[in-house]
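Thanks for coming. I have one structure to show today, and I will keep the talk short.

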Amino acid sequence: APLAQLGMLLPLGRFAPAVISSGICGVNIAVLYFVHASFHLARPPRWLVRGFALLGLFTPMMVIARPLALVWSSALIVVDTWFFVHVMRTLLAQRHGPRRRDALLLSVMMVIVIVIVSPDLFGFFLGKSWMGGLHTMPVGAIGFGLSQGPYLARDQVTRQRELRRTAGEVR
């Protein structure tokens, strides 16, 4: 999305939306792995990762064969819905664990980001933005990145304290 805002995808012509869509699929895979790795859980469901990977790979087909765009958009809506449900369930399951504050922070930010990017997502799925030229996707991306900052900082401090405690025990 930031590359599109800067106009760097304009040379791609009608394939620019396909690049953005593939990027969104890649980001969703990264979020799945981030959430699972952050809470030391097993890897994310393979079908969800594969779903986004296939959608990302087949995005250019949406541009070449226009009738497939509706099928692709429908599949993306289904996979995105399951993505949101899975991530929220995973985070909410952590609310009673030792990292409940982190889970709460990420849960709240996930909901806020979904609300912020919803206008762009609806425009994306419907083929026409109902907000004119205003795009909220970059704001949502920045918001999610900013939410990960405090989380990662807390994680770093926690690990540093554990290392000091372990070093003290070894001495």
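I will go from the overall make-up to the surface and then to one helix pair.

This is a predicted model, where local features need pLDDT of at least 70, side-chain atom pairs count only at pLDDT 80 or more, and totals for chains, interfaces and linings use all residues. Residues are numbered from 1 along each chain as its sequence is written, and side-chain values use heavy atoms, with hydrogens and water left out.

The protein has six helices and zero strands, helices being DSSP runs of H or I of at least four residues and strands E runs of at least two, numbered from the N terminus. The C-alpha trace spans about 65 × 30 × 25 Å along its principal axes.

Of the 171 residues, 36% count as buried, meaning under 20% relative accessible area with a 1.4 Å probe, protein chains only. The exposed surface comes to about 10900 Å², and carbon and sulfur atoms supply 70% of it; the areas are Shrake-Rupley values with a 1.4 Å probe.

Now the pair. Helix α2, residues 16-38, packs against helix α3, residues 46-64, at an angle of about 175°, with the axes 8 Å apart. Axes are lines fitted to C-alpha atoms over the stretch in contact, and angles run from 0 to 180 degrees between N-to-C directions. So α2 is roughly antiparallel to α3, a label for angles over 145 degrees. Residues making the contact include C25, I29 and Y33 of α2 and F52, G56 and P60 of α3, with contact meaning heavy atoms within 4.5 Å.

Technical notes
Buried < 20%, exposed > 50% of the residue type's maximum accessible area, 1.4 Å probe, protein only. Parallel < 35°, antiparallel > 145°, perpendicular 65-115°, else oblique.
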